[in-house]
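Okay, thanks for coming, everyone. Let's put the structure up and walk through it together.

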Amino acid sequence: MFNLDEKRQYIIESYINVFGEKYRDVITERLGNANIIYYLTEDNWSSYIRGLITIKEQELTIKYYQSIGNHSLDKYSVKNYIEGTTADEDGIIWEFYDDIQNMPPIPYEVKTEIDRILSEYEEQLQSSKTYVTDNKDLLAKYNEAFTKKMREVLKLNLPENFGDIRDIDMINAFSEHSKDIVQDSIFGQSTMEDVVLTNKLKYFQKLRMIKQNVDVTTLKASKKQALLDRLMEDRAIRALIPTEDQIKKIQVLQYGYLTDYNYESLINRDDIKNNSELLQIIEDNKDKVSGAIAGNRICELIGRDNKKVVLFTLLRNAYGENTHNYLHELAHIATTNEEGIVGIENTDTITNKVESKDNPGKRKYEIFNEILIDYYSEKAMQDLVDSNIFLIEDKDTTYVHDQHHNTSLELRSLVLPLISICDSEIKEALITGNQEPIRNAIGTENFERINDLINKTYYNQYRLDIDDETFDNNKAEGLLEQAVIYNDITEYRNKKNPTTK
């Protein structure tokens, strides 16, 4: 599917362009010597393909209506669809499905041609699949054990191979939080309600309450609902619905089995087990690796002797953003020095876990560093795009417009003024792993105040124990504090470097 090693030199050059020619040797060495472990699982590969097919279907549908002079869907260009709009940062997927209902139907012969093109496109995508960490025998072993545990939790005589550790949406569909759960696992569906409904029917079909030859996924929503309503008339069938407590227990079971299965699949891959150095790094980071794969994440690993590795995959529902996610992790490698000091964190994050007092669970300078990495990796991505170089997504689907990726716009706004003041000092600090260039540029006290404000802002964004009014008050206080800090920075710099008349 992809071999990013072939384009590594382009990536190296883009980071040299971002950080400066004087860092050429260190960036070339760090990124050139890093190992990249690509992994895919069947579920995230299927999700990614489903997303690309959906985008292609949108494109063909829009082109048809444009061909007959109907331009009411023009706003749903591929770029807008992927990147969203200023009013809706999460994209405009749902509006498309609402608007399409009001369009005149597509003629049968045109719909047939669209389906033919989509079928060929899907075959092309499937044929390019590589690096899939899927072992049928191993999977069968874990699924058997998983089903056995599910049987104990549900207290039901489940059919053999009822459970698949990679997909338990049919269980999650009955949760009171079902819409939140499925939101992270779908793309291109008309409604989340329809997905939940489909998975409920799949559950009863697995229990042999619906004939096996019925394809519940293709039924109209009204027929799905009617079928479910009929089932719910039977008291005995209603008794088979999992409780919230059972669902939570199964979710814990699934995550545990999934982490073990994915880890075992990875270390038994030929390219891993035959590379003793890589195998050792993975084993030293077992929990981080298995958790990342189970949670569909990418991460950077640092092994013995500061050996750097990126564990990379395509992220579900990250269409257009996979290139940046990849570059973000490589930026961490480019800014981790030979002593293992990560960017401006000023500490070896492997051995020293200094926690922020204002942001529990995070290292003191972790979020500050992440914002900067996000910013400069976006610059590297733009440099590649300007050179017409595309790593993962193509020209139409690479997410390039100026918006946050891994850090929020509110957090980004705290740091952008600092970048405009001392861009070169920040770059030096990131590359060397030494905070002093920034501290000297703005003052140590001001540096710490900015970092404290970043941590408080981050914590405020993710707290669940405060009401909206408290959240808004904290946000307003943060804006005032930001203004005061930058005013003090200006005064500090003026005193340090007074202008001469």
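So, to start: where is Asp305 found? Look for the loop between β2 (299-302) and β3 (308-312), and Asp305 is there. Before I go on, please keep in mind that this is a predicted model. Is Asp305 buried or exposed? Asp305 has 81% relative accessibility, so Asp305 counts as exposed. And there's a partner across space: Glu338 is 33 residues away from Asp305 in sequence, with 8.6 Å from C-alpha to C-alpha.

Let me step back to the whole protein for a moment. We have 22 helices and three strands. There are 501 residues, and 50% of them count as buried. If you take the contacts between residues at least 6 apart in sequence, 71% join residues at least 24 apart.

Now the helix packing. I'll begin with α7 and α13. Helix α7 covers residues 136-154, and helix α13 covers residues 244-267. Their axes come within 10 Å, crossing at roughly 165°. An angle over 145 degrees counts as roughly antiparallel, and α7 and α13 are therefore roughly antiparallel to each other. The handedness of this crossing is right-handed. Who makes the contact? On the α7 side the residues include Leu138, Leu139, Tyr142, Phe146 and Met150, and on the α13 side they include Ile250, Leu253, Tyr257 and Tyr261.

Hold on to two of those names, Tyr142 and Tyr257, since they come back when we turn to aromatics. Over the whole structure, a search finds 15 aromatic pairs. In general, you describe a pair of aromatic rings by the distance of the centres and the angle of the planes. For Tyr142 and Tyr257, the ring centres are 6.4 Å apart and the planes sit at 80°, so this pair is edge-to-face. The cut-off for edge-to-face is over 60 degrees, in case you're wondering. Tyr142 belongs to α7 and Tyr257 to α13, 115 residues apart, and the pair links distant parts of the chain. Are these two buried or exposed? Tyr142 counts as buried because its relative accessibility is 11%. Tyr257 comes out at 16%, so Tyr257 counts as buried as well.

Two other aromatic spots to click on. Tyr15, Phe19, Tyr375 and Tyr376 are linked by ring pairs into a cluster. Then there's Lys56: its charged end sits over the ring of Tyr121, 4.9 Å from the ring centre.

Back to α13, which has another neighbour, α16. The axes of α13 and α16 come within 8 Å, crossing at roughly 110°. That angle makes α13 roughly perpendicular to α16. The contact uses residues including Tyr255, Leu258, Tyr263 and Leu266 from α13, with Val289, Ile293 and Ala294 among those from α16.

Just along the chain, what about Asn296? Asn296 is in the loop between α16 (286-294) and β2. Its phi is near 55°, a positive value in a residue other than glycine. Asn296 counts as buried because its relative accessibility is 10%.

There's another asparagine to set beside that one. Asn388 has a phi near 60°, again a positive value in a residue other than glycine. You'll find Asn388 in the loop between α18 (366-386) and α19. Asn388 has a relative accessible area of 52%, so Asn388 is exposed.

That loop leads us on to α19, residues 409-432, which packs with α21, residues 444-462. The angle is about 165°, and the axes are 9 Å apart. So α19 and α21 are roughly antiparallel to each other, and α19 passes α21 in a right-handed crossing. On α19 the contact is made by Glu410, Leu411, Leu414, Val415 and Leu418, while α21 brings residues including Ile450, Leu453, Ile454 and Tyr458.

One last stop: Asn70. Which loop is that in? Asn70 is found between α3 (42-67) and α4 (78-83). Leaving out residues up to four places away in sequence, Asn70 touches Tyr65, Met103 and Pro104. Asn70 and Pro104 are 34 residues apart in sequence, yet 9.8 Å apart in space from C-alpha to C-alpha.

Okay, that's my tour. Thanks, everyone.

Definitions and conventions
Residues are numbered from 1 along each chain as its sequence is written. This is a predicted model: local features need pLDDT of at least 70, side-chain atom pairs count only at pLDDT 80 or more; totals for chains, interfaces and linings use all residues. Side-chain values use heavy atoms; hydrogens and water are left out. Rings of Phe, Tyr and Trp (its six-membered ring) pair if their centres lie within 6.5 Å; planes under 30 degrees apart count as stacked, over 60 as edge-to-face and the rest as tilted. Helices (H or I, at least four residues) and strands (E, at least two) are DSSP runs, numbered from the N terminus. Buried means under 20% relative accessible area, exposed over 50%, partly exposed in between (1.4 Å probe, protein chains only). A charge sits over a ring if NZ of Lys or CZ of Arg is within 6 Å of the ring centre and within 35 degrees of the ring normal. Axes are lines fitted to C-alpha atoms, for helices over the stretch in contact, and angles run from 0 to 180 degrees between N-to-C directions. Angles under 35 degrees count as roughly parallel, over 145 as roughly antiparallel, 65 to 115 as roughly perpendicular and the rest as oblique. A crossing is left-handed if the near helix is turned anticlockwise from the far one by less than a right angle, and right-handed if clockwise. Contact means heavy atoms within 4.5 Å.
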